[in-house]
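Thanks for sharing this one with me. Here are my notes, set out point by point so that you can follow them with the viewer open.

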Amino acid sequence: MPAATTPETVDLTDRDRAMLAGDFGQAAAVAMRIIATMAGVYGAKRLLDIEGAHIDGCLYHGDSGVDFAELLVAGGARVSVPTTLNVGGLDLVHPEEFAGTAERRAKALRLMECYEEMGCRTIWTCAPYQTTPRPAFGQQVAWAESNAIVFANSVLGARTHRYGDFIDICAAITGRAPAVGLHLEENRRGQVVFDLRSLPRALRSAAWLLPAIGYLVGERCGNRIPVLLGLEEADEDGLKALGAAAASSGAVALFHAVGITPEAPTLEAALGGEEAAEWIAVGVSDLRAGLRSLSTAPGASEVGIGGSEDDGLPIDVVALGSPHFSPREFAELLPLVERHPPAGRVEFVVCTNRLSLGELERTGNLERLRAHGVRVVVDTCVVVAPILRTPAGGVLMTNSGKFAHYAPGNVGFDVVFGSLAECVRSAHRGRLWRDPALWP
Amino acid sequence: MSVAELEGRTLVAGAGAGPVLRLEEPLSFWGGVDPVTGRIIDRRHPRCGESVAGRVLVMPYGRGSSSSSSVLLEGVRLGTAPAAVVLRELDGILALGAAVARELYERSPPVLVLAPADWEALPEGAEASVDVSGRLRIAG
């Protein structure tokens, strides 16, 4: 077994050292070597205990990810803290939804099985914070998946650094993580203020705009911690959409919304008593710019300008649910779809998790959605797995900032961003429909 | 021919040699490098189309997705990874991909961080080598 460097600068406990020495099994030794190496890379002085983990490594990117999972399984890996799984490369409930090759299907499935064998909970969702017992305020966890990280830190006030593939499962196996970054109080204060107070009130409380605000924040603040000042109201679905967009356009892992998120009762608290490094006044033109960068299809950016019945950009696909759709979002979608059912030639897909699916089944709403041609996909999503049947090159419309960011590169569609109602009515027409009432 | 020797901070130790590929703009490996060919595929990147395979990749820092560690690991598996990665700023994601590659395939490009002035001094195309103690030699 190759010896990764274990930097002498990291103060390991006796238990950490025993784990390195193989006393807890081969897989735990591998996991601890990687954690210790990364602690050295980050300049951590010590490791800390974590109480939960969320794993992104279960999504197939290539055979090396399977090799790594198999190495851990063969070494007897078991997670030592409650651990949940992000999306995989397949919808296990609806296997017919997979449109890729048999070889890719087999590998994606094997990877998912490996993580299940290590004792992870198979919730297969990028919105774990809407399904399971969630981390408490102040709790140390190791979460991967950019939108889940930003939600855990910002909305729940739990503490995780920005983790990704491989180190996530190593933390879950060892129960340890480098004591760096957002795990530590002193690194959580806000740095850049986004002042929304000059915007019309109707825009500051518009749920459909939150992804555009998030996208703008991510673009302008990079990996610094933003503070949103003047956000009128936002429920958890709104904060989920905002955070997911900010974590797509930037490396945002924590934001504070003054008066809304738990570490920001006041601006002073959000800034940790220090001066803001930068103060950005956000005007209507900035919001329009944020909206423009969310859409890539030519002729898509005229938000607030309604098209007549016979013109407007043709829409091929409507994709919703990144992060995964919640029961409340389905409750909003259903009456819209019943009033304006999608045209037959438009592919309409909603991605969600099994908990939401179960509720849709119990209430009979799944059948009502399906009757109108809406497909509900679980365990995975349309930008990470071959799910869409429409050939690449068309136009995909979404109300998700994250889908809008990743769909062009990952699945080759031009994108139009719009509100939920705009998505539904555009699917109904087969052409882009804009709601002139959205702008005051 | 003169040889210059630089010493950096080793994030992941190893040895590798090859011609310098110097990127002034950061690059996300995920969505930015095709692990099958080693080529840069990010269309917004100025060096799109060039290959990182076997090169001493000099860039300021990595950018973007945390799945970049997966792409570097896949590159090691397929033999398309850089010979070494030389950064100006700490990047945990590429170091993680390299650390996992060492565990899994018993090989990986070394990942180093150089002081900014030293980092600036690495010319495009120069033959460079990194040894296990973190010393970087440039023939020029």
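A residue is called buried here if 20 or more other C-beta atoms lie within 10 Å of its own, and exposed if 12 or fewer do. Please keep in mind that this is a predicted model.

1. **Confidence in chain A.** The average pLDDT of chain A is 93, and 96% of its residues score at least 70. The start of the chain deserves a cautious eye: over residues 1–5 of chain A the pLDDT stays under 50. For that stretch the model has 12 contacts beyond four places in sequence.

2. **A buried valine in chain A.** V155(A) belongs to helix α5, which covers residues 146–156 of chain A. Is V155(A) buried or exposed? V155(A) has 21 C-beta neighbours inside 10 Å, so it counts as buried. Setting aside neighbours within four places in sequence, its contacts are E236(A), L239(A) and T261(A). F137(A) is 18 residues away from V155(A) in sequence, and the two C-alpha atoms are 9.1 Å apart in space.

3. **Domains of chain A.** Chain A splits into domain 1 (48–186), domain 2 (189–293) and domain 3 (298–438). The C-alpha centres of domain 1 and domain 3 of chain A are separated by 27 Å. Between these two domains, 21 residues of domain 1 are in contact with 17 residues of domain 3. On the domain 1 side, the residues that touch domain 3 comprise 11 nonpolar, eight polar and two charged.

4. **The five-stranded sheet of chain A.** Here five strands make an open sheet with parallel pairing, in the order β12-β11-β10-β13-β14. At its edges stand β12 (374–378) and β14 (414–417) of chain A, each of which pairs on one side only. From one strand to the next the twist averages 25°. Helix α13 (residues 354–363) of chain A packs on this sheet and touches β10 (317–325), β11 (347–352) and β12 of chain A. The direction of α13 makes about 140° with that of β12(A). Towards the other edge, four bridges connect β13 (residues 395–398) of chain A with β14(A) in the parallel sense. In that pairing, T398(A) has F417(A) as its bridge partner.

5. **The eight-stranded sheet of chain B.** Chain B has an open sheet of eight strands with mixed pairing, ordered β1-β8-β7-β3-β4-β5-β6-β2. Why is one side of β1 (3–7) and of β2 of chain B left without a neighbour in the sheet? Each of these edge strands has a single partner strand, so one side stays free of a neighbour. The strand-to-strand twist averages 30°. For β2(B), pairing with β6 (residues 111–113) of chain B is antiparallel over three bridges, and R9(B) stands opposite V113(B).

6. **Strand β4 of chain B.** In a regular strand, side chains alternate between the two faces of the sheet. Strand β4 (residues 56–59) of chain B is covered on both faces, with V56(B) and V58(B) buried on one side and L57(B) and M59(B) buried on the other. With β3 (residues 16–22) of chain B, β4(B) runs parallel and shares three bridges; L21(B) stands opposite L57(B) there. With β5 (residues 84–87) of chain B, the pairing is also parallel, over four bridges, and M59(B) stands opposite L87(B).

7. **An exposed loop residue in chain B.** E124(B) sits in the loop between α3 (116–120) and β7 (127–130) of chain B. With 11 other C-beta atoms within 10 Å, E124(B) is exposed. Beyond residues up to four places away in sequence, E124(B) touches V20(B) and R22(B). L23(B) is 101 residues from E124(B) in sequence, yet their C-alpha atoms are 8.8 Å apart.

8. **Where the chains meet.** In the contact between the chains, 23 residues of chain B meet 26 residues of chain A. On the chain B side, β2 (9–12), α1 (68–78) and α2 (92–105) each supply at least two residues. Which of the elements gives the most to this side? It is α2(B), with nine residues. The chain B residues that touch chain A divide into 12 nonpolar, six polar and five charged. Within chain B, α2(B) also lies across β2, β5 and β6, at about 60° to β2(B).

Methods. Residues are numbered from 1 along each chain as its sequence is written. Chains are lettered from A and ligands numbered from 1 in the order in which they are written. This is a predicted model: local features need pLDDT of at least 70, side-chain atom pairs count only at pLDDT 80 or more; totals for chains, interfaces and linings use all residues. Two residues are in contact if their C-beta atoms, placed from the backbone, lie within 7 Å. Ala, Val, Leu, Ile, Met, Phe, Trp, Tyr, Cys and Pro count as nonpolar, Asp, Glu, Lys and Arg as charged, and the others, Gly among them, as polar. Two strands pair if DSSP finds at least two bridges between them. Axes are lines fitted to C-alpha atoms, for helices over the stretch in contact, and angles run from 0 to 180 degrees between N-to-C directions. Domain bounds come from an automatic or database domain assignment. pLDDT is the predictor's confidence in each residue, from 0 to 100.
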